[in-house]
Amino acid sequence: MNVYCVVPTYRGRENVCEVVREALKYCDTVVVVDDACPENSGEVVRRTFRGHPSVEVIARPRNGGVGAAMKDGIERALALGADVIVKVDADGQMDPSYIPSIVELFERDGNLAYVKGNRFFDSRVVSKMPGIRLFGNACLSLLAKFASGYWNILDPTNGYLAFNGRLLPALDWHRFADGYFFEISVLCELGLKRAAIAEVEMATIYAGESSSLSIWRVLFGFPPKIARLFLRRILLQYFIFDINLGSLYLMLGLALSGFGAGLAIFEWIQSATTGVPRTTGTVMLAVLPFLMGFQLVLNALLYDVQFAAKSMRELLGQKVRREELRSAASD
C-alpha cells in the first residue's frame, strides 16, 4: 500500500521537523500543510528536507483551521494515488510508530473506511490526561454518539486518524468541517454511510503543551453544530433513505408527547388565568399521552443503538508494546 502522512501545521515550528523525520520511517510520503503559520513552519520543513523526494510542503494563503489543512492534504494524497492517508499533528503528541499497525488493519479489511485513536482504553493513559480535556472528551463523546450514530465510539476529538484512500473518493469528504470540529464531522459524514470504522488504543504524549482549542469555543460552538448534524442524520436515515420501525416509534412518540405537553401547558395557563383548578381527568388526559410518547421516543433511541453501525476496537498499543518487548529480547 502507498501510505501518505498528512501533517497540518500551525504554530508547530518547534516539533514539526522531528514529526516529519519520524513519520518518514513508516510512510512513503509526508505531506506537510502550512496553514498560514505565523512561525513559517512550512518553510522550515522545506529548508530542512530540501531535495527529499518523499516530503512535500503545501502552503495555504490564509489560515482555515486544521480541517481545511487536512482537506488540502487529502486532495494532494489522493492525486498521488494514496491507499492509506494518516493524519499526524505537528505538536509531537502522536507516536508515528502506530502507523504500520493501522495500515495492517486496512490490509486485513478492505471495507474498513476509517481508523481513529482512542486514549480511553488504558486507565494509565486517562490518569495522565489533563482534567479539563478528560471532562470535555466525556461530554463530546456522548454528543458525538447521537450525531454520528456510532454508539460504541469514544474520544471523538482524537486527532490521530487514518482514511482508506481507495474508499475515500466515494465519500463526500469535501463536507468535512474546516476547523477544530473536523474530527467529529468526519464521524458524522461516515455515519450517514454506515461506513465500517475502527478504534485503536493509542497513548498520547502530554509535555505541558497549551492547547489552541478554547474551552469556550467547544462549550458554545460545538453543541449547535452537533445538534444540526444529529437532526440531519435522523431525517436522512429514518425518513429519506429508509422508513422502518424506528421511524414509527419516533413519529408517534413525538406526536403523543407533543400533544400531552401542549395540552398541559394550555390547561395550566387556563387554570392560572381563571383560578379554577383542573380536574383529575384533564390532568391525566395530558399526562398519559406525554408518558406514552416519551416511552416511544426511548424505544426509537434503543432501536437506533441496536441497529447502529459498529466500530471495531483494536488494542494496538498492547500489540506495539509486545513487539517492542520481543525486539528487545531478541537483541
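This is a short tour of the structure above, stop by stop, with something to select at each one. Keep in mind that the model is predicted.

**Stop 1: the strands**

Start with strand 6, residues 161–164. Is this strand buried or exposed on its two faces? Select Leu-161 and Phe-163 on one side, then Ala-162 and Asn-164 on the other: all four are buried, so both faces of strand 6 are covered. In a regular strand the side chains alternate between the two faces of the sheet.

Now bring in the neighbours of strand 6. Strand 4 runs antiparallel to strand 6, and four bridges join the two. To see one of these pairings, pick Ile-85, whose bridge partner in strand 6 is Phe-163. Strand 5 is also antiparallel to strand 6, with three bridges between them. Here, select Val-115 and look across to Ala-162, which stands opposite in strand 6.

Stay with strand 5 and add strand 7. Which way do strand 5 and strand 7 pair, parallel or antiparallel? They pair in the parallel sense, over six bridges. Tyr-114 makes a good marker, with Ile-197 as its bridge partner in strand 7. Strand 7 is mostly covered, with five of its six residues buried.

**Stop 2: the nonpolar cores**

Next, select Val-20 and Tyr-160. These are the residues with the most contacts inside the largest nonpolar core, which has 34 residues. To see where this core draws its members, colour the elements that each supply at least two residues: among them are strand 1 (3–9), helix 1 (16–23), strand 2 (29–34) and helix 2 (41–48). Further along the chain, strand 4 (84–87), helix 4 (99–108), strand 5 (112–118) and strand 7 (196–201) are also on that list.

A second core, separate from this one, has 29 residues. Ala-82, Ile-85, Leu-187 and Leu-190 are included in it. You have met Ile-85 already, as the bridge partner of Phe-163. In soluble globular proteins, nonpolar side chains tend to be buried together.

**Stop 3: salt bridges**

How many salt bridges does the structure hold? There are 17, and a few are worth a visit. Side chains of opposite charge can pair when their charged atoms come close.

- Glu-22 and Lys-25: the closest N and O atoms are 3.0 Å apart. Glu-22 is partly exposed at 24% relative accessible area, while Lys-25 counts as exposed at 55%.
- Glu-56 and Arg-76: the closest N and O atoms are 2.9 Å apart. Glu-56 sits in strand 3 (residues 55–59) and Arg-76 in helix 3 (residues 66–79), so this pair ties together parts that are 20 residues apart in sequence. Both ends are partly exposed, Glu-56 at 23% and Arg-76 at 32%.
- Arg-60 and Asp-72: the closest N and O atoms are 2.7 Å apart. Arg-60 lies in the loop between strand 3 and helix 3, and Asp-72 in helix 3, twelve residues away. Arg-60 is buried at 18%, whereas Asp-72 is partly exposed at 22%.

Then select Asp-172, Arg-175, Glu-189 and Arg-232 together: salt bridges that share partners join them into one network.

From Glu-189, measure across to Ala-147. Their C-alpha atoms are 9.7 Å apart, although 42 residues separate them in sequence. Ala-147 lies in helix 6 (residues 131–148) and is buried, with 1% relative accessibility.

**Stop 4: a cavity and a pocket**

The structure holds one cavity of 30 Å³ or more, and about 50 Å³ of space lies in the largest cavity. To find it, select its lining residues, including Ser-148, Tyr-150, Arg-194, Arg-233 and Asp-304. The lining as a whole has three nonpolar, four polar and three charged residues.

Finish at the second largest pocket, which has a volume of about 290 Å³. Among its 15 lining residues, Phe-230, Ile-234, Leu-250, Val-297 and Ala-300 are the closest to the centre. Helix 8 (215–240), helix 9 (245–274) and helix 10 (280–306) are the elements that give two or more residues to this lining. Which helix gives the most? That is helix 8, with five residues. By class, the pocket lining divides into eleven nonpolar, two polar and two charged residues.

How values were computed: Residues are numbered from 1 along each chain as its sequence is written. This is a predicted model: local features need pLDDT of at least 70, side-chain atom pairs count only at pLDDT 80 or more; totals for chains, interfaces and linings use all residues. Side-chain values use heavy atoms; hydrogens and water are left out. A nonpolar core is a set of buried Ala, Val, Leu, Ile, Met, Phe, Trp, Tyr and Cys residues joined through side-chain atoms within 4.5 Å. Buried means under 20% relative accessible area, exposed over 50%, partly exposed in between (1.4 Å probe, protein chains only). On a 1 Å grid over the protein atoms alone, a cavity is a set of points where a 1.4 Å probe fits but cannot get out, and a pocket is an open set with protein on both sides within 12 Å along at least five of seven lines; lining residues have an atom within 4 Å of a point. Grid points are joined across faces, edges and corners, and a volume is the space filled by probe spheres set on the points. Ala, Val, Leu, Ile, Met, Phe, Trp, Tyr, Cys and Pro count as nonpolar, Asp, Glu, Lys and Arg as charged, and the others, Gly among them, as polar. A salt bridge is a side-chain nitrogen of Lys or Arg within 4 Å of a carboxyl oxygen of Asp or Glu. Two strands pair if DSSP finds at least two bridges between them.
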